[in-house]
Amino acid sequence: MKMSKLSHVLSSGAIAAVGLYVAYVSYTQQPADAFLFPRLISTVFVALALWTFGKAVMGLSKTGEGVSAASLRRMLPGLVVSCIYVFWAAKSLGFYTATAIAFFVLLSIYDPKPHTEVKSWGKRVIITAGFIAVMYGLFALLLKVYTPREIFF
Amino acid sequence: MEFIYYFGEVFTPISFGLLLIGTIGGLILGATPGLSPTMAVALLIPFTFQLEPAQGLILLGAAYTSTVAGGAVSAILLKIPGAPANIATTLDGHTMAQQGRGAEALQLSFLASLVGGLFGVFLLIFLSPLLSKAALAFGPSELFWLAILGVTIIGSLDSNSVVKGLLSGAIGMWLATIGFDDIMGAQRFIFHPALGGGINIIAALIGLFAIPQVITMFAKGRISVDAEIIKIEKHSILDAIREISRRTRALSIGTAVGSIIGLIPGVGGQIAGLVAYDQSKKFSREGHKFGTGHSEGVIAAESANNAMVGPSLVPLLTLSIPGSPTAAVLLGGLLIHGIFPGSDLFENNPEVAWTFIDSMLIGQVLMAIFGLYIASFAARVARVPQSVMAAIVLGLAVFGSYSVQSSMGDVYVMATLGIGMYFLERFGFSAAPLVLGLILGPIAEANFIQGSMIANATDGKLPYFFTGNLNVVLIAIVVLSIAYSAWMELRTRNTTPQAGASS
């Protein structure tokens, strides 16, 4: 699959905007000595980003496959669940509870086995429980990492 | 011959146990499509925190070595390469398995990996001390250019677009400047409190290598691995040894090509395997048999992709410049233990450096022995549904990045960088130069600042950074690598439409 010109323009435009912001901050913030290296890097960053953007505008960008609407539709549920897990649930519900829920939900969404079979659901529960037990054994017992427990576990 | 003195360290119960775990685990992970050696090593780093530096490196080194070899299992038995390095192995390996010669293909693959791997590690043993002595001549300006070279060479060689590769490197170097400046204590680009201490390199590595693969698995939707595992029949190992000793040409070509390519920063195992396969086919008397289940194809590809492992660590251990993304991850593993590779590594921490290298030698032998026994089990693991694999990798990434400093900030950084990298990859950018930029950025900055101070006290920045034999050579390599890659890119673009028209 080849990316459309619009996708090239939007992606390279976003990167060029970040580059310009980085360069602006590097050249305006004080003390100047602390930003000496960021200035050097941001200059290269902006030059390359603008070059990429210019090529995209002229329709000369060739690399990249982009994200098709179909794959975006397929990945979106997983991405949303993962973001809720990482950015909210892990801290609020407790690491192990959040991991168990996220693991089970992701498995349920993407498991190719039919959703109508009781056996498949049983398998998913067992796999989730096994995974959490392994993670607890590895991180809590072996590595002694104290993870946020919060309202659950 | 200093390496001989440290062999005993590898055989202590804990070190040898870790070597076994790394080897067996690496073989299974390597056989699993979608889990690259780099990602496997990145996910293992959190497990090394409580270990001694040498023990941690033994685990990571064993995993690196055996994931590359383990990829051959799924390539041969499922026709799904475990890693890009094993693509060439599928060409003859799977055909052999279909012909009922799966066990022979696996035996040849692990024996070839053993020979290639041992040669590569011996190259590492003999080249590293020489290069580390030469590295003593490097001052701040040379080290600055060396860091820039590390990023530009991977940026230009590892990407389909030179400009996007270099831009990825620049983004990585910028990310490395986030946090408090070491000299003035000034805040730089701290958009969120989680970034106050800068970007934690281990969390970043986990995010950049693991999360894009998780999202890629999500993007495939509800699919099952339909590939059928070909049953492994019995085959005498002595016959395999006899066969490999008859195919010395393919073995030598594979080993030589892999070793040379391993020494060039940025050129990965995928290329080593394919180039070795191609060259063996050209120089073989039975070139016409390649692709039809010919043993030379498997031998050349597998000896090459394992021969490159040792040499790819030479620039890392001697100049602290990682030559590959996996070497960059190993650098992260060294840094968390307070060990800075470079010219004085073999003087200040010989027990760490030599024990690690010796363990790679022993690891090659263990990999060949266990590879043959757990191949069918590893192939079964490779059929684990992508849904399970994605959820496991996500969970490991979250726990692994949290355990670095017990900080939720690291988890946020890991996830944000990972999601961003997935989209960057889809838009033609590459993770390898970005990671190299992130790792080499602080080295480049420290030497740039130190060099600037020296320059201000002497002739000025321009003469200091742009004159001197070593500086000129390094700058020339930077320019040449970019120019060569740009030329290759233009040539490919000019020939592709013609090829398309003619077909």
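**Figure 1. Helix H3 of chain B against helix H4 of chain B.** In this close-up of a predicted model, B:Pro37, B:Ala40, B:Val41 and B:Leu44 of H3(B) meet B:Leu59, B:Leu60, B:Ala63, B:Tyr64, B:Thr67 and B:Val68 of H4(B). By class, the contact divides into nine nonpolar residues, one polar residue and no charged ones. H3(B) covers residues 37–44, and its axis runs 9 Å from that of H4(B), at an angle of about 160°. Angles over 145 degrees count as roughly antiparallel, so H3(B) is roughly antiparallel to H4(B). If you are looking for the hand of this crossing, it is right-handed.

**Figure 2. The contact of H4 with H14 in chain B.** Stay with H4(B), residues 53–77, and bring in helix H14(B), residues 325–335: their axes come within 10 Å and cross at roughly 165°. That angle makes H4(B) roughly antiparallel to H14(B). Here, too, H4(B) passes its partner H14(B) in a right-handed crossing. To find the contact in your viewer, pick out B:Gly56, B:Leu57, B:Leu60 and B:Tyr64 on H4(B), then B:Thr326, B:Leu330 and B:Gly333 on H14(B). These residues of H4(B) and H14(B) comprise four nonpolar, three polar and no charged ones. B:Leu60 and B:Tyr64 may look familiar, as they are also among the residues of H4(B) that meet H3(B).

**Figure 3. Helices H8 and H18 of chain B, packed at an angle.** The axes of H8(B) and H18(B) lie 7 Å apart, and the two helices pack at about 50°. They are therefore oblique to each other, and their crossing is right-handed. From H8(B), the contact takes B:Ala203, B:Ala204, B:Ile206, B:Gly207, B:Leu208, B:Ala210, B:Ile211, B:Pro212 and B:Ile215. H18(B) answers with residues including B:Asp410, B:Val413, B:Met414, B:Gly418, B:Tyr422 and B:Glu425. Sorted by class, the contact of H8(B) with H18(B) holds 15 nonpolar, two polar and two charged residues.

**Figure 4. Where chain B touches chain A.** The contact between the chains draws 51 residues from chain B and 49 residues from chain A. On the chain B side, at least two residues come from each of H7 (162–176), H8 (201–219), H17 (386–405), H18 (408–426) and H19 (431–457). H17(B) gives the largest share of that side, 12 residues. The side of chain B that touches chain A has 31 nonpolar, 12 polar and eight charged residues. H8(B) and H18(B), the pair from the previous figure, are thus both among the helices that supply this side.

**Figure 5. Two backbone details, one in each chain.** In chain A, look for the cis peptide bond that joins A:Gln30 and A:Pro31, with omega at about -5°. A:Pro31 sits in the loop between helix H1 (5–28) and helix H2 (36–57) of chain A. In chain B, turn to B:Phe189, which has a positive phi of about 55° although it is not a glycine. B:Phe189 belongs to the loop between strand S2 (187–188) and H8 of chain B.

**Figure 6. Chain A, its helices and its domains.** Chain A has five helices and zero strands, so its elements read α-α-α-α-α from the N terminus on. The domain assignment gives domain 1 (5–57) and domain 2 (69–142). The C-alpha centres of domain 1 and domain 2 of chain A are 38 Å apart. For a compact globule of 153 residues the radius of gyration would be near 15 Å, but chain A has 23 Å. The C-alpha trace of chain A spans about 55 × 45 × 25 Å along its principal axes.

**Figure 7. Chain B as a whole.** Stepping back from the close-ups, chain B contains 21 helices and two strands. Its radius of gyration is 22 Å, which agrees with the value near 23 Å for a compact globule of 503 residues. Taken along the principal axes, the C-alpha atoms of chain B fill a box of roughly 70 × 60 × 45 Å.

How values were computed: Residues are numbered from 1 along each chain as its sequence is written. Chains are lettered from A and ligands numbered from 1 in the order in which they are written. This is a predicted model: local features need pLDDT of at least 70, side-chain atom pairs count only at pLDDT 80 or more; totals for chains, interfaces and linings use all residues. Two residues are in contact if their C-beta atoms, placed from the backbone, lie within 7 Å. Helices (H or I, at least four residues) and strands (E, at least two) are DSSP runs, numbered from the N terminus. Ala, Val, Leu, Ile, Met, Phe, Trp, Tyr, Cys and Pro count as nonpolar, Asp, Glu, Lys and Arg as charged, and the others, Gly among them, as polar. Axes are lines fitted to C-alpha atoms, for helices over the stretch in contact, and angles run from 0 to 180 degrees between N-to-C directions. Angles under 35 degrees count as roughly parallel, over 145 as roughly antiparallel, 65 to 115 as roughly perpendicular and the rest as oblique. A crossing is left-handed if the near helix is turned anticlockwise from the far one by less than a right angle, and right-handed if clockwise. Domain bounds come from an automatic or database domain assignment. The radius of gyration is taken over C-alpha atoms; the globule rule is 2.2 Å times the number of residues to the power 0.38.
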